[in-house]
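The following exercises concern the packing, the salt bridges and the backbone angles of one protein chain. Each task is followed by a solution that proceeds step by step.

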Amino acid sequence: MTIQVFGHKSPDTDSTGSPILWAWYLNEIKGTPAESVLLGEPNTEAAFLLKRWDLPKPAIIEDVADDAPVVIVDTNNPAELPANINNADIQCIIDHHKLVGGLETKGPIDITIRPLACTATIIYDLMGDDAARMPDWAKATALTCILSDTLEFRSPTTTEHDKAVAEKLAAELGLSIPDYAAEMFAAKSDVSSFSDAELLRMDSKEYEVDGTKFRVSVLETTSPATVLDRKASLMETMTTVASEDGVDQVLLFVVDILNEESTLLVPNDLVKTVAAKSFDASATGDSVVLPGVVSRKKQIIPNLKV
């Protein structure tokens, strides 16, 4: 059977590109039939990756069948995976997030979780010498994932190894990292065609803090005003999204990539308390700026308190 390779729901660039990379490796290097799939529509930056390098968009799946062979990348959290995931045949996990627990496998499997900024960096390492055989589109995919997850090396999750791999790939492709990253971030910042609900779900993860369930949404942009101009309607839509998704509150952090800060929308007293307890920030209006906060994985999720 063909192995399905996928990342998390609400796929960002890494969860779109890394499955494509690993499926290429399984097919072309290991001779194992594999296909990359998505658990939702890719975000604007991931869509840019596909268009820029003329890659077909992977099929979008709703769930996985019993005993279907799968490889999971860029997550190990069951809440971010298909409902039937524990009845599938999970064969491998490649990730860079903390271990959550709750996945069940049919037998012993390969698990690689490393403290790097990007899953694509780990995949590059796992390929070993075979990484040199990647075609240009695959090198570009890995580069795009790394620059996305590191915010062009601005994120505190960035390691020297992520940076070295990105610089090596860019040199092989003849690309200027600042110029290419600017293309990527411009694509990421163009959210004009998305509804408020789509924006709130575009790059989000569910997380529970002391019995309170949050949808923690992040919008990374070089044009924060474009999003913040819509904050009234976004905050109004939070109630609907929270109800539909079975969470208590949506938290939206608008990350200003260039100024390396984020703005948290504050629709109610609960979020005001979150701002104070989590970030020592006093919210007097409907938003609060959090200087230096750009990473959900390293700075937002670990600090959340209610």
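Two residues are in contact when heavy atoms of theirs lie within 4.5 Å. The model to which this criterion is applied here is a predicted one.

**Exercise 1. Determine which residues of helix 2 are buried and which helices they pack against.**

Step 1. Helix 2 spans residues 44-52. A residue counts as buried when its relative accessible area is under 20%. In helix 2 this holds for Thr44, Glu45, Ala46, Phe48, Leu49 and Leu50.

Step 2. The partners of these buried residues are helix 1, helix 4 (136-150) and helix 6 (177-189).

Step 3. The ends of the helix complete the description. At the N-terminal end, Asn43 acts as a cap, with a side-chain oxygen 3.2 Å from the backbone nitrogen of Glu45. After helix 2 comes Asp54, which has a positive phi near 55°.

**Exercise 2. Describe the largest nonpolar core and identify the helix that gives the most to it.**

Step 1. The largest nonpolar core holds 71 residues, and Val5, Met134, Phe253 and Leu304 touch the most other members.

Step 2. Helix 1 (residues 13-29) gives the most to this core, contributing 8 residues.

Step 3. Another core, of 16 residues, lies apart from it; among its members are Leu219, Val227, Leu234 and Val247.

Step 4. The surroundings of Leu304 can then be listed. With residues up to four places away in sequence left out, Leu304 touches Tyr207, Val209, Val216, Leu251, Val274, Ser278 and Phe279.

**Exercise 3. Locate the salt bridge of Arg230 and state which parts of the chain it ties together.**

Step 1. The structure has 17 salt bridges. In one of them Arg230 pairs with Asp196, and the closest N and O atoms are 2.8 Å apart.

Step 2. Arg230 belongs to the loop between helix 8 (224-228) and helix 9 (231-245), while Asp196 belongs to helix 7 (residues 196-202); the pair therefore ties together parts that are 34 residues apart in sequence.

Step 3. Asp196 has a relative accessible area of 14%, so this residue is buried.

**Exercise 4. For the salt bridges Arg215 to Glu206 and Asp286 to Lys231, classify each partner as buried, partly exposed or exposed.**

Step 1. Arg215 and Glu206 meet through their side chains at 3.1 Å, N to O. Arg215 is buried, because its relative accessible area is 9%. Glu206 has a value of 34% and is therefore partly exposed.

Step 2. Arg215 and Glu206 also belong to a network of salt bridges that links them with Arg201, Glu244 and Asp245.

Step 3. The side chains of Asp286 and Lys231 form a salt bridge at 2.9 Å, N to O. Asp286 lies in the loop between helix 10 (269-279) and strand 11 (287-291), and Lys231 in helix 9, 55 residues apart. Asp286 is partly exposed at 32% relative accessibility, and Lys231 is partly exposed at 23%.

**Exercise 5. Find where Asp210 and Glu260 lie and state the sign of phi in each.**

Step 1. Most residues other than glycine have a negative phi.

Step 2. Asp210, although not a glycine, has a positive phi of about 50°. Asp210 is placed in the loop between strand 7 (204-209) and strand 8 (212-221), and its relative accessibility of 70% makes it exposed.

Step 3. Glu260 likewise has a positive phi, near 55°. Glu260 sits in the loop between strand 9 (249-256) and strand 10 (261-265), and it is partly exposed, with a relative accessible area of 36%.

Terms used
Residues numbered from 1 in each chain as written. Predicted model: local features only at pLDDT ≥ 70, side-chain atom pairs only at ≥ 80, totals over all residues. Heavy atoms only, no water. Core = buried A, V, L, I, M, F, W, Y, C linked by side-chain atoms within 4.5 Å. Buried < 20%, exposed > 50% of the residue type's maximum accessible area, 1.4 Å probe, protein only. Helix = DSSP H or I, 4+ residues; strand = E, 2+ residues; numbered from the N terminus. Polar contact = N/O pair within 3.5 Å; in protein donor to acceptor, adjacent residues only side chain to side chain. Salt bridge = Lys/Arg side-chain N within 4 Å of Asp/Glu carboxyl O.
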